[in-house]
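Reader: I have a structure to go through and would like some help reading it. Can we start with the parts to be careful about?

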Amino acid sequence: MATKTPEQINDDLLRPLSGISGRYALSAALLAGVAVAAFCAFFYQAYTGLGVSGLRWPVFWGFYITNFVFWIGLSHAGTLISAILRLSNATWRRPVTRCAEVITVFALSIGAMFPIIHLGRPWLAFWLFPYPSERRIWPNIHSPLLWDFFAINTYLIASVTFLLLPIIPDMALVRDRAAGLRKKIYRALALGWTGTPKQWHRLETAMHVMAIVVIPVAVSVHSIVSWDFAMAPVPMWHSTIFAPYFVCGAIFSGIAALLLAMALLRKFLHLEEYLLPIHFENLGKLLLVMSVLWFYFIFAERLTTWYGNSVGEMPVFWATQHGSYAPLFWTMMFCNFLIPVPILAIRKLRSITGTAIASFTIVIGMWLERFLIIVPSLSHKYLTYSWGTYRPTWVEITITAGTFSGLALLYMIFSKVVPIISIWELKVGLRQVPHSARIIVEPKEVGAD
Amino acid sequence: MPIPPAIYGLFPDPDSAERGMNALNRAGISPRRIVVMSAEPFDGYSFTQMDERTPMPWLAPMGGLVGGILGFLLARLTQEAYPYPLITGGMPLLAAWPTGIITYECTMLGAVLATVATLLISTKLPNWKPKLYDPEVSHGKILIGVLDPSDAARPEIENRLRGAGAEKVKIIGVSPAS
Amino acid sequence: MSRPAPGSSLYLSVVIAIGVAALGLAILERALSAEAMSAAEEESSGAFTPAHPTLYDAVREFFEIRSKPVQPIAYTHKVHLANGMQCTDCHVGVDQGPDARIPSVNFCMTCHQVIATQQPEIKKLAAYKARGEDVPWQRVYGFERSAHVKFNHAPHIRAGVDCSVCHGDMRQQTVAERKVDHTMGFCVSCHQQKNASVDCVTCHF
Amino acid sequence: MQRRDFLKISAVAGATAALEGCGNPDHQLIRFVPEEDLIPGIATWKPSICTLCPAGCGLLVRVMQGEAEVVREGRLGLLKMGLAKKLEGNPAHPINQGKLCPRGQAGLQVTYHPDRIQGPLARVGPRGSGQFREMTWESATRQLASQLADLQESGQEGSLALITSPLRGQKRAILDAFANHFKKSLPVELAFFDDSTIRAANLASFGHALPLTLDLGQSNYVVSFGADFLGTWNSPVAQAIGFGRMRTGRPGERAKFVQFEQRISQTGASADEWIPVQPGTEGAVALGLAHVMLAENLRPAAGAGHAGLLLEGWSEGLPDYAPEKIAAQTGVKAETIVRIAREAAAHDPAVAILGGAAAAHTNGLVGALAANALNALLGSVGKPGGILFPPLLAAKESGISLEILASQINSRAAAAKVLLVYNADPVFSAPAAWGVRAALDKIPFIASFSSFLDETTMLADLILPDHSPLESWLDDAPPSGSARTIRSVAPPAMHPLHNTRSMPDVLLDLAHQLGGDLASTLPWKTYDEAIEASFAALYKEKGTKIAKDADEFWQKAQDQGGWWSTEPESVPASPAGAPSGVVKPRAPEFAGDPNDYPFHFLPFASQLLYDGSLAHLPWMQEAPDPLSTVMWGTWVEVNPRTARKLSLQPGDLVEVTSPHGKLEAPALVNPGIAPDVIAMPVGQGHQNFTRYASGRGANPISILSPLTVEGTQSLAWAATRVKLSVVGRGKLILFGGSLTEVSPELEHR
Amino acid sequence: MAHRWGMVIDLDRCTGCEACVVACRAENNIATVGEEQAGLSRAKHWIRVERYYEGEFPDVKVKFQPVLCQQCDAAPCETVCPTFASYHTGEGLNGQIYNRCIGTRYCANACPYEVRFFNFFNPVWDKPLHLQLNPDVSVRTVGVMEKCTFCVQRIKAGEIQAEAEKRELKDGEIRPACVQSCPPEAMVFGDLNDAESRASRLANSRRRTKLLAELGTRPKVTYLQRDSWHGDENA
């Protein structure tokens, strides 16, 4: 294992910030192309009407709300995990927190766009905002969508600050090593950070307080997202298990996304010496726990439904178990449980590649899970005469693809602008980490006296 | 505002910085004039122990309280008081559970905002004005120095800093005339 | 640091260009079909056809920009009212139902056959009649289609609301102008003052 | 970019500029001086008459001021006019008492149909090419007048052929006068679901050539054989009103309703007991019921009088129709027949109804006579709760059938030089086997009064578009639906939108142009004058007590929507003496060998499209069929067991082959159809019938065999056998998701 | 006392004829969506007649059940609307304020009766079919929800008329289009706060049921279940 001086750490972690490789530009262009196509698709939809999507009577929510839940769930990768690790003082967390928090901010921003994308009249989305208008009416606080509005905005503000505050010292670091225009920009971004003990102390205290605050916010966000469903008397939605089930699923998919991002960053930004097998190992164990927990939740949900045998719910149950949605359901079970659990449980397979594969299937599986929560219930409500189907159109698929590539693009750009590993925190950690996760620093001779 | 005159040493590691700090303290320099800068926080060293008292852990709940009250009022007043209660045919216009949720979220938002505001105000960030700084800090050096040293004390401070293990000692902002 | 791969920015611009072109085409296609619709609307009972025939209309409505009506004849309310006529003499039906009648050219000509026949505006009126055409009066008031307001004059008149409350003092206006902004706030304050229903469905259905 | 596109884009730019001046009159169409003085926003209700089916319901039309884009004197402009906004039943009208069926309500769309023919047209391209040019009414009527004058001059008066829907009232009188003038040209009355078999049976049994008028509101037991009397048969609104009363309208009393048929019709769905019966054996079941009543002495055989004596074996107690003997043939269990006979006999007044497919077998007339005899035996003829016959104001003479006309033309037995078509689409509503299309091709000159380019009008040389019913004067004398004497009349509810003319007005104009005898038999200038004249006569007969003079009577009738007697005026059964010929009941005949064609083919009237004449109305296309929930299309109904046998999935495209043709349509599984029956709604399958119906689905009429009901000229449209094969995947638009309320197994979309 | 409008549907009378469906379409400016969109399940029917088969041939029965907005007293659609577009009116109707609707379609998901329909596109009438539009009823635009209003325009007109004539509303004076058209008079509309109204009396029939009553939505539409023939006992 290589040993690194602080200077080398600086060099390694700031290297991705300079220069754009051809491979980078090409993939950015590709991702941007898809994202632009998604924007075009959205404007086309807003202009023509939601009819260009595959939504129909009685399935009024489809891909868009699936994506909404999925992205909000994914956003639990960062802030929540990072906050828990911070509070529990898990020292191995340090190279991981920022790439996790970035996922939160971007996934949350993207997720928060979907309720607007899916509106029939998106230009009136601002009516959710409680502002005094000449119409003299206010939003309805009974609506879970309004709770969403408050919860997501709180979470977004908290996450953004949670991400940005520890970036300030790193901006100062970049500032000191940059020249020209870049220096000016980073000088502005560093906000005049000098690194006095007072600044450090306040920053650490603030991060501690934020970590305490953000955990209940994160839990509430996904609980409220689950209540978007659970508050409606729709078969298999109206369930008390939904809030913890969604929070569990969110953390599950969040860790998977984080692992996936870490694996990619490690490969493409050459961070092999920073994102170590121990990180994948530890997060992989966490992922295993979440996978089992997720299975426990879905088992509990299915079991109670099946025993309950209620006239309203059984059609949805059977449609997913062996009806028209069964292929998706069993794919989900494979992706979320049957594939990842052996990979993550067997130590030999819990390698970086192994966890990345497991994470990939989990991301797919969790997307399917969101879809399977929403669509089969809507298409099999109480009056059998009103049963229907749903089939997405190119517009929805493009927008969905656009958000995935949008996230990847934002991530790429972010990692080009900000060190994706919190340098100062890493350095602090070097003085504390257990041996296995230590980046060994060659002790330097004390300067001549 | 121009950078104030200062004299500082750059220390390669916290142990030498600790010695530098002790040296300055022994020299009887007011702690308020001593400047410390580092590229990472050092806990458990005396040179970082200044300014540790902060009301932040108290201000956050206070902010939360304010946010919560505002959230509660927002939920309540917008539904019932201003400018007229909507007609809902006997259905409740305001219910405890949703109000609780809105209040909860606003409480959390208040706490977050209070924390961030406390941080920024107490550390006087953002502040882009020129001030004492040395880019060497970001290369891992620890800066310990004295602001506005009197001409008389300058050589002694310099010696003490060097004696404690400073790699470099720099003097800035002193007019040649003085 | 390596140079960007040749063509990568080209690729990006092509993708963006395709996207923008697709969007443009979609809007254009929509605008074309909407154009046909808007023509239909202008010609027919405008208040009952779908809102926003074009993007332009939609944007204008969103920002509540309304064009000023240009009347074909400089009809003067001032003179008619000064001569002792009542609103309901011409706007028949306003106290019976939702709408007020805008009199047809025949109605105007019953008097102007003999009165003020030499005035240039009356000559215009007579020319319409001679051509077998009605005067194409332009709407001055009226709610945006998307407001879905079903206003009914009669109950307001029965409640003793003076015409001028909503239409301004017509004795001071020649050609009718939009003197009062019929915003929802305007309606609601009056309803509150008069203890009338502020139930949404009172007006919107 | 093509030049056209460029022009389009510059037009957009121009239009945007024009929108700038939204409030500017210069950019808008001219406005015509209003023809009527209406207050905007206030509705007036005007009486009218529904002409979409033979029931003759009274309408109230909600008229409000609106602005229509019209052409007046060659100029396009906007006109403020009264526009019909909604059709409701006329509460004063004895037949529908303020109620209206879905088809009647959609009649509104006939007036505003975007594909209405807006003025007279003359053919320019080859016949059938659909190329026409516009012309004036003057030259159009002159052209037709000269054709007719040619016939007169060349002494070929018999070469005028007329095909119309069944007409009544003065419209019929004018047409008859016209036809009488041209010798032997009584109009061919074309209605696919005609009631001539029932009329013939009623004439034989009771002496009245009338359809049935049912008094269901007071019935206690109703046995129906194949009659969809709540949906499309006879006078459905009147019958549905009576049905509602019979069910829960009388506290403590609730009648029983038993339906015998092969496929659960919309009416069968409301039955208390639904009993499948073999096709064509409905009459046998009726006689089986009569047998039980006679055998158990529940009713005396003589009680049936003439109606009973008409049937062979009646006096002997119908020995051949003992329940056990007919059980195998009819598929109805003997004990069921016995039970129903006893129940019916015990619940006075009980009534039997036979119609629909039951009357459209080759033995349909005998079946109808059997049902009549059963009614007579039950004692329900002319009694409250039974069947009634209102006095008919004008007798009615029928022409030949379309089949005979077509065969005469095709075989050159008769020459038709000029054909006038009114309110009928013979090309669509006749089996291909009749050769109507070929016959029409042989007619040198065809004039159509149609408002739409349907299959027949496409072949016309001259199109003289009629007003829509709401735009024209209407009169009617409905023969069933109420026991009161009814003479309906309605002035136009609104001004015409287009350059159209009422058909009777055109005929009167033609009569004047032709002059001579014709002009003197038709002395009126306009149709409304003719109606007024008939009301003047009616005043003398009936109205002296209600109005002081004929003018007041006429005015009152217009305000009310007609004149009707205040009390039921049912006339007693008055068969002309003793039965002339005793009828021997017989088994039905079917076209097609059962081995090659294993299924009975059951076309049925669509609740929404009726016989196809309403397929052009978007409301009717998009309303889900009550039982199948299909929208915008047609389908073939198959029993689930049959579907399994043929490994047929719902929505599969199937080919239905009869000895006379084949068609393709998507299949629908219907648990309520007999396994050996294939049912298909009539209505779709128009080649030409406006943008909403053209090229949609298949027309079951086209593959029917030309068998007729024995003893009448009516088509036996239920007498065809077919075979079925799956040919691919079809398209079926269903509104309803599941067939059953609880089981999730039958999800089929 | 405020009115509380309700409806009673007698399933023993309903013949499934669809007169109500077309009457509703005509009265309320419900656009036809055309074959393609209907094929995508986007046809709008504020009232529909549900048809359910029971049993196997030859013992088959069919049940018709007209379903329209049940105007629930505890309506799931109302609470979930973030903008009060769906709300409870003073007379107990589930109001749908089109101009306030931003198209979340949440109400439609929450509605267990599936009686809410969405405007996926701007409705189009082929000229001159637009002349049939009822000026008393809004034409909904793209992106908003719509549903049965109990013909609120008729209720309003009736109330304004009664007020103009300074009298109380009579029972049966106000009839939604479906009730007005129904040939067998299976539907009765009236004020449930008036114990003497026909609707109130019928709503207490021994045959009364509520659709999906177990969900606790407290609908104001009462269904009278089909009766069986009890002639045998009488005989």
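**Confidence first**

Author: Over residues 745-749 of chain D, pLDDT (the predictor's confidence in each residue, from 0 to 100) stays under 50, and the model has 21 contacts there beyond four places in sequence; a contact means heavy atoms within 4.5 Å. This is a predicted model: local features need pLDDT of at least 70 and side-chain atom pairs 80 or more, while totals for chains, interfaces and linings use all residues. Residues are numbered from 1 along each chain as its sequence is written, chains are lettered from A and ligands numbered from 1 in the order written, and side-chain values use heavy atoms, without hydrogens and water.

Reader: What should I do with low pLDDT?

Author: Where pLDDT is low, the predicted coordinates should not be read in detail.

Reader: And what does chain D average?

Author: Chain D averages a pLDDT of 90, and 94% of its residues score at least 70.

Reader: New topic. How many salt bridges are there over all chains?

Author: The structure holds 72, a salt bridge being a side-chain nitrogen of Lys or Arg within 4 Å of a carboxyl oxygen of Asp or Glu.

Reader: Which residue does E:Glu163 meet in a salt bridge?

Author: E:Glu163 meets C:Arg158, at 2.9 Å from N to O. The pair crosses between chains, from helix α5 of chain E to helix α7 of chain C; helices are DSSP runs (H or I, at least four residues), numbered from the N terminus.

Reader: Is C:Glu133 buried or exposed?

Author: C:Glu133 is buried, because its relative accessible area is 8% and buried means under 20% (exposed is over 50%, partly exposed in between; 1.4 Å probe, protein chains only). Its salt-bridge partner C:Arg131 is partly exposed, at 42%, with the closest N and O atoms of the two 3.5 Å apart.

Terms used: Helices (H or I, at least four residues) and strands (E, at least two) are DSSP runs, numbered from the N terminus.
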